[in-house]
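Student: I am new to this structure. Please take one part and walk me through it closely.

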Amino acid sequence: MLLFLGRTLTAPLTSFHNTGKALANAQRAAGLQVTCIPAASTRPAFAFGVNV
């Protein structure tokens, strides 16, 4: 059971983090101030259950 739970929790959090990194890189490339923090995108997933 823990094996399946680990996969279902890890995949969405990794996706949120990678999306945040991509947004931050796009902001840097456009010459904008980086306002997207990848680690901050995982907090709402725990607080509000966004990944469910």
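Here is a close look at one helix and the loop that follows.

Tutor: Start with the setting. This is a predicted model. The protein chain has 52 residues, and 17% of them are buried. Its secondary structure comes to two helices and zero strands. The accessible surface of the chain is about 4,100 Å². Carbon and sulfur atoms account for 68% of that surface.

Now turn to helix H1. Helix H1 covers residues 2–29. Three of its residues make useful stops: Phe16, Asn18 and Gln27.

Take Phe16 first. Phe16 sits in H1. Is Phe16 buried or exposed? Its relative accessible area is 24%. Buried means under 20% and exposed means over 50%. Phe16 therefore counts as partly exposed. Across from it in the chain, look for Ala40. Phe16 and Ala40 are 24 residues apart along the chain. Their C-alpha atoms are separated by 9.4 Å.

Stay with Ala40 for a moment. Ala40 belongs to the loop between H1 and helix H2, which spans 43–48. Its relative accessibility is 30%, so Ala40 is partly exposed. Ala40 also pairs with Gly20 in a second distance. Those two residues are 20 apart along the chain. From C-alpha to C-alpha, Ala40 and Gly20 are separated by 8.6 Å.

Next comes Asn18. Asn18 is another residue of helix H1. Its relative accessible area is 41%. That value lies between the 20% and 50% limits, so Asn18 is partly exposed. How far apart in space are Asn18 and Pro38? The C-alpha distance is 7.2 Å. In sequence, Asn18 and Pro38 are 20 residues apart.

Finish with Gln27. Gln27 also lies in helix H1. Its relative accessibility is 18%. Because that is under 20%, Gln27 counts as buried. Which residues does Gln27 touch, leaving out those up to four places away in sequence? The contacts are Leu32, Gln33, Val34, Thr35 and Cys36.

Put the stops together. Phe16 is partly exposed, and so is Asn18. Gln27 is buried. In the loop between H1 and H2, Ala40 is partly exposed. To trace this on the model, find Phe16 and Ala40, with 9.4 Å between their C-alpha atoms. Then find Asn18 and Pro38, at 7.2 Å. End at Gln27 and its contacts, among them Val34 and Cys36.

Methods: Residues numbered from 1 in each chain as written. Predicted model: local features only at pLDDT ≥ 70, side-chain atom pairs only at ≥ 80, totals over all residues. Heavy atoms only, no water. Helix = DSSP H or I, 4+ residues; strand = E, 2+ residues; numbered from the N terminus. Buried < 20%, exposed > 50% of the residue type's maximum accessible area, 1.4 Å probe, protein only. Contact = heavy atoms within 4.5 Å. Areas by Shrake-Rupley, 256 points an atom, 1.4 Å probe, with all protein chains shown as cover.
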